[in-house]
Amino acid sequence: MAKIVGIVALFAAGLALAGGLAASGVADVTTTETLPVTTTLEETTTEPTTLVSTVEQTTTRRVIVPTSTGTTSGSSSTSDTPTWVWVVLGLLAAAVIGLIVALLTRHSGLSDEERQRRLDAAVASWAAQGWVLDSQTAGSAIMRRGPDLMVVSIDDKGLTNARPLANS
């Protein structure tokens, strides 16, 4: 259950990061170029008088380059995404991969042989304290000392459980 909560939290963090980037306007980049335009006009007539006039005109145009189109032949493409965004995305991807590996490689518990070995060791420990083995099954043993009875068992995680039994 804790791993599922971790995956949901990781997913929520990714959504929050994506929403923050969209809200801050990182995805909407507008590039403005100012291009000066100079025009020279020269007129010459063949009459005895020569008239030379130069007209100079400077025009400033605002050019908005859309970021969704491909590159033109004379320009190069660069990414405007900050480095820290790529670092965060890399860390999130590594965390997702780690969670997937952890979920796929986790073990379902002890093998029957290992559980029996641990039960035998627990029975021997109680026997050294004066308890006698009364009966034993694959997962538990009943120990007796005088009128007292106790159940010793090993759970799926390998923990030893010992609890007293009521005399009947």
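In this predicted model, Asp156 and Arg115 are joined by a salt bridge whose closest N and O atoms are 2.5 Å apart. Asp156 sits in the loop between E5 and E6, while Arg115 belongs to helix H3, so the pair links parts of the chain that are 41 residues apart in sequence. Arg115 has a relative accessible area of 18%, and because the limit for burial is set at under 20%, this arginine counts as buried. Apart from residues up to four places away in sequence, Arg115 touches Leu110, Ile154, Asp155 and Asp156. The salt-bridge partner Asp156 is thus itself among the contacts of this arginine.

Helix H3, which carries Arg115, deserves a closer look. Its 16 residues, 112-127, should span 22 Å at 1.5 Å a residue, and the C-alpha atoms at its two ends are indeed 22 Å apart, in agreement with that expectation. Four residues of the helix are listed as buried: Arg115, Leu119, Ala122 and Val123. Viewed down the axis of H3, these buried residues fall within an arc of 100°, so they line one face of the helix. The spacing makes sense in light of helix geometry: an α-helix has 3.6 residues a turn, so residues three or four places apart point the same way. As for what this face meets, the buried residues of H3 pack against four strands, namely E3 (132-136), E4 (140-145), E5 (148-154) and E6.

Helix H3 also holds a salt bridge within its own length. Glu114 pairs with Arg117, with 2.6 Å between the closest N and O atoms. Both residues lie in H3, three residues apart, or about one turn of the helix. Where Arg115 is buried, Glu114 is partly exposed at 22% relative accessibility, and Arg117 is likewise partly exposed, at 49%. The general principle is a familiar one: side chains of opposite charge can pair when their charged atoms come close.

A further pair is found among the strands. The side chains of Asp134 and Arg144 meet in a salt bridge with an N to O distance of 3.6 Å. Asp134 is part of strand E3 and Arg144 part of strand E4, so this pair ties together parts that are 10 residues apart in sequence. Asp134 is partly exposed, with a relative accessibility of 43%, and Arg144 is partly exposed too, at 33%. Salt bridges with shared partners also join Glu114, Arg117 and Arg118 into one network. In total, the structure holds four salt bridges.

Strand E6, one of the strands against which the buried residues of H3 pack, covers residues 160-165 and includes Pro164. With a relative accessibility of 69%, Pro164 counts as exposed. When neighbours within four places in sequence are set aside, Pro164 is in contact with Leu149 and Met150. For Met150, the C-alpha to C-alpha distance from Pro164 is 4.2 Å, although the two residues are 14 positions apart in sequence. Both E5 and E6 thus appear among the packing partners of the buried residues of H3.

Away from H3, attention turns to helix H2, which runs over residues 83-105 and contains Val96. Val96 has a relative accessible area of 36% and is therefore partly exposed. Together with Ile100 and Leu104, Val96 forms a nonpolar patch on the surface, and the accessible area of the three residues comes to about 290 Å².

Finally, the overall layout puts these details in context. The protein has three helices and six strands, and from the N terminus on, its elements follow the order α-β-β-α-α-β-β-β-β. Of the 168 residues in the protein, 11% are buried. The protein exposes about 12,900 Å², of which carbon and sulfur atoms supply 60%. Among contacts with a separation of 6 or more, 36% involve residues 24 or more positions apart.

Terms used: Residues numbered from 1 in each chain as written. Predicted model: local features only at pLDDT ≥ 70, side-chain atom pairs only at ≥ 80, totals over all residues. Heavy atoms only, no water. Patch = residues over 30% accessible without salt bridge, like charges linked within 9 Å, V, L, I, M, F, W, Y side chains within 5 Å. Areas by Shrake-Rupley, 256 points an atom, 1.4 Å probe, with all protein chains shown as cover. Buried < 20%, exposed > 50% of the residue type's maximum accessible area, 1.4 Å probe, protein only. Contact = heavy atoms within 4.5 Å. Expected span 1.5 Å × (residues − 1). Arc of directions from axis to C-beta.
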